[in-house]
Amino acid sequence: MSVSPMRKPKASAEDVDPATTHVFTISEVLRELQNEFPDLTASKLRFLEERDLVEPARTPSGYRKYCAADVERLRFILALQRDRYMPLDVIKKTMDALDAGEQPEELPEAAPVGPREVTTEMAAQITGRIRPLTRKELRAQSGATRGMLDTLEKFRIIRADADGNYSHHDLKAVRAVRVLARYGLEPKHLVNIRRSADNELDLIGRAMAPYAARKDAAARARVAESSKEMLQSLKDLRASMMDSAVESLDRN
């Protein structure tokens, strides 16, 4: 599948030749993308347009008409949100860089970028969502023992879903714990990290509470995006404090 996030100038639907270019209504875009992104709504599409991430053409009466490139651009943006947890302001910078033919820092270094184009290989690399892992697969890919997984579940570092499967977040967590184990840190020593994560989630929940009370789709989309933005800012804040402390150890 070819993904082209190229920014095109604003156009009217009359600029698109229906004989050579298929155009999509907003409902058709939803049908095209909702299998991959079940939470996608018309309000979310309009929200992405408000943030200047996609610019569909308009009919004289104001209806949106998306071309195939618009749909692929949306697929790429939604995958960055879902799979790389990028907030929209970072995605906007990424897309602006791609539109300028540059290699954004946020994308995998090995991902090939042509001028104003994202290749099929990059699309596969970004949008290839990792399927859930069985416990056996989690052990095989992480190198953890049964006992370690039991302990990590006991301390809520990882958590199986209703089907007994694990996410790629769990895989990352187990791999990180195994690295820390080389320095003598056992899962029981990581309880405070779980508590810290819970505290950060509580901060986000309290900040979003006034908006989460609204039930319309646009409000839900904004809550989801704002929560991701807050989470990224908390990560940056924590990392900056940790980096500063580690650098001071090196100076002393």
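**Exercise 1. What percentage of the 252 residues of the chain count as buried?**

Keep in mind that this is a predicted model. Let's start with the whole chain: 34% of its 252 residues count as buried. As for its building blocks, the chain has 10 helices and five strands. Now look at contacts between residues at least 6 apart in sequence: 60% of them join residues at least 24 apart.

**Exercise 2. Work out how helices H1 and H2 are arranged, and what their contact is made of.**

Step 1: find the helices. H1 covers residues 26-33 and H2 covers residues 42-50.

Step 2: get the angle. Their axes come within 10 Å and cross at roughly 105 degrees.

Step 3: name the arrangement. Angles of 65 to 115 degrees count as roughly perpendicular, so H1 and H2 are roughly perpendicular to each other.

Step 4: see who touches whom. From H1 come Ile-26, Val-29 and Leu-30, and they meet Ala-42, Leu-45 and Arg-46 of H2. Sorted by class, the contact has five nonpolar residues, no polar ones and one charged one.

**Exercise 3. Do the same for helices H6 and H8.**

Step 1: H6 is residues 135-142, and H8 is residues 168-181. They pack at about 40 degrees, with their axes 10 Å apart.

Step 2: that angle makes H6 oblique to H8. The crossing of H6 past H8 is right-handed.

Step 3: list the partners. H6 brings Leu-138, Gln-141 and Ser-142, while H8 brings Asp-170, Leu-171, Val-174, Arg-175 and Arg-178. By class, that contact splits into three nonpolar, two polar and three charged residues.

**Exercise 4. Compare the span of helix H4 with the expected one, then find its buried residues.**

Step 1: H4 runs over residues 88-99, which is 12 residues. From first C-alpha to last, H4 reaches 16 Å, close to the 16 Å expected at 1.5 Å a residue.

Step 2: pick out the buried residues. In H4 these are Leu-88, Ile-91, Thr-94, Met-95, Ala-97, Leu-98 and Asp-99.

Step 3: check what follows. Just after H4 comes Gly-101, with a positive phi of about 80 degrees.

**Exercise 5. Is His-22 buried or partly exposed, and which residues does His-22 touch?**

Step 1: locate His-22. You'll find His-22 in the segment before strand S1 (23-24).

Step 2: check the surface. The relative accessible area of His-22 is 47%, so His-22 is partly exposed.

Step 3: look for neighbours. Leaving out residues up to four places away in sequence, His-22 touches Glu-28, Tyr-66, Cys-67 and Ala-68. Ala-68 is 46 residues from His-22 along the chain, yet their C-alpha atoms are separated by 6.8 Å.

Technical notes: Residues are numbered from 1 along each chain as its sequence is written. This is a predicted model: local features need pLDDT of at least 70, side-chain atom pairs count only at pLDDT 80 or more; totals for chains, interfaces and linings use all residues. Side-chain values use heavy atoms; hydrogens and water are left out. Axes are lines fitted to C-alpha atoms, for helices over the stretch in contact, and angles run from 0 to 180 degrees between N-to-C directions. Helices (H or I, at least four residues) and strands (E, at least two) are DSSP runs, numbered from the N terminus. Angles under 35 degrees count as roughly parallel, over 145 as roughly antiparallel, 65 to 115 as roughly perpendicular and the rest as oblique. Contact means heavy atoms within 4.5 Å. Ala, Val, Leu, Ile, Met, Phe, Trp, Tyr, Cys and Pro count as nonpolar, Asp, Glu, Lys and Arg as charged, and the others, Gly among them, as polar. The expected span of a helix is 1.5 Å times one less than its number of residues. Buried means under 20% relative accessible area, exposed over 50%, partly exposed in between (1.4 Å probe, protein chains only). A crossing is left-handed if the near helix is turned anticlockwise from the far one by less than a right angle, and right-handed if clockwise.
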